[in-house]
Amino acid sequence: MQNLPKKVRSKKLNTRVDLTAMVSVSFLLIIFFMVTIELAKPKAIDFNLPDNEWTYRGTHISCGPDVTRIVTILLDDNNKIITYSGLLFTPIVDPKVLNYGKNGIRQELFDRRKNITEYSTAIGKPKNGPIVIIKPSKKSNFKNLVDILDEMAIANIDTYAIVSDFTPEESKLLALK
């Protein structure tokens, strides 16, 4: 049996798989999905509303927040803005016609915010800022509403509401100016 040829066995080499390419691809996929998820997040403006403290008693409107904090913005056609502070039948700042931009409604919002914050600090409530009521008319367009919401964000107004109800006095004011 010794004369029989011996089976020659080949040496087993260690197999080594290079995973460098797979790691590179996996990192690229992770980065790709992270970027697409970030881009897919909805972008929106924060929308804060005032507390629901409004009550109606006959012909007198009583509100929980101080009336001096209320700023009303009426949006009309042809990019026309009418604003007043307080209530229309007893305004703190008389109604005035403004335009969009830094010298128009933005400056007015900055001024009103500064005055209201100073007043609130003087009465011991420094966190109370202005309450802006935005009233777009049926003649105003969507761009005007988006522009005024941008102005709210720029002027750092935290509490505002969009209301579609016009009082008869406000309708007359829009017709006059």
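## Working through a five-strand sheet and its helices

In this predicted model, helix H3 (residues 142–154) lies across S3, S4, S6 and S7, at about 170° to S6. Let's take the sheet apart, then put the cores back in.

**Exercise 1.** Work out in what order the strands of the sheet are arranged, and which strands sit at the edges.

*Solution.*
- Start with S3 (residues 70–75) and S6, which run parallel and are joined by six bridges.
- Go on from S6 to S7 (residues 159–162): this pair is parallel too, with four bridges.
- Now take the other side of S3. S4 (residues 81–87) pairs with S3 in the antiparallel sense over five bridges.
- S4 in turn pairs antiparallel with S5, over six bridges.
- Chain these together and you get an open, mixed sheet in the order S5-S4-S3-S6-S7. Its edge strands are S5 (90–98) and S7, each pairing on one side only. From one strand to the next, the twist averages 15°.

**Exercise 2.** Find which residues stand opposite Leu75 in S6 and in S4, and describe how the hairpins join S3 to S4 and S4 to S5.

*Solution.*
- On the S6 side, Leu75 faces Pro136.
- On the S4 side, Leu75 stands opposite Ile81. Leu74, for its part, has Ile82 as its bridge partner in S4.
- Five residues lie between the strands in the S3–S4 hairpin, where Asn78 has a positive phi near 60°.
- The hairpin from S4 to S5 uses two residues. Across that pair, Ser85 stands opposite Val93 in S5.

**Exercise 3.** Decide whether strand S6 is enclosed or open, and sort its side chains by direction.

*Solution.*
- Count the buried residues, taking under 20% relative accessible area as the cut-off. Six of the six in S6 (residues 131–136) qualify, so the strand is largely enclosed by the rest of the structure.
- Sort by direction: Ile131, Ile133 and Lys135 point one way, Val132, Ile134 and Pro136 the other, and all are buried. That fits the general pattern, in which side chains of a regular strand alternate between the two faces of the sheet.
- Run the count on S4 as well: seven of its seven residues are buried, so S4 is also largely enclosed.

**Exercise 4.** Check whether the length of H3 agrees or disagrees with its expected span, then say where its buried residues pack.

*Solution.*
- With 13 residues at 1.5 Å a residue, H3 should span 18 Å; the end C-alpha atoms are 19 Å apart, which agrees.
- List the buried residues of H3: Asn144, Leu145, Asp147, Ile148, Leu149, Glu151 and Met152. They pack against S3, S4, H2, S6 and S7.
- Place H3 in the chain: S6, H3 and S7 make a right-handed β-α-β unit. Just after H3, Asn156 takes a positive phi of about 60°.

**Exercise 5.** Identify which elements build the largest nonpolar core, and which gives the most.

*Solution.*
- The largest core has 18 residues, and Ile73, Leu75, Ile105, Val132, Ile134, Ile148 and Met152 have the most contacts inside it.
- S3, H2, S6 and H3 each give two or more residues to this core, and H3 gives the most, with four.
- Zoom in on Ile134. Leaving aside neighbours within four places in sequence, its contacts include Ile73, Leu75, Ile148, Met152 and Tyr160.
- Apart from this core lies another, of six residues, among them Leu74, Ile82, Tyr84 and Leu173.

Terms used:
Residues numbered from 1 in each chain as written. Predicted model: local features only at pLDDT ≥ 70, side-chain atom pairs only at ≥ 80, totals over all residues. Heavy atoms only, no water. Buried < 20%, exposed > 50% of the residue type's maximum accessible area, 1.4 Å probe, protein only. Pairing = 2+ DSSP bridges. Right-handed = clockwise from strand over helix to strand, strands pointing away. Axes fitted to C-alpha atoms, helices over the stretch in contact; angles between N-to-C directions. Contact = heavy atoms within 4.5 Å. Expected span 1.5 Å × (residues − 1). Core = buried A, V, L, I, M, F, W, Y, C linked by side-chain atoms within 4.5 Å.
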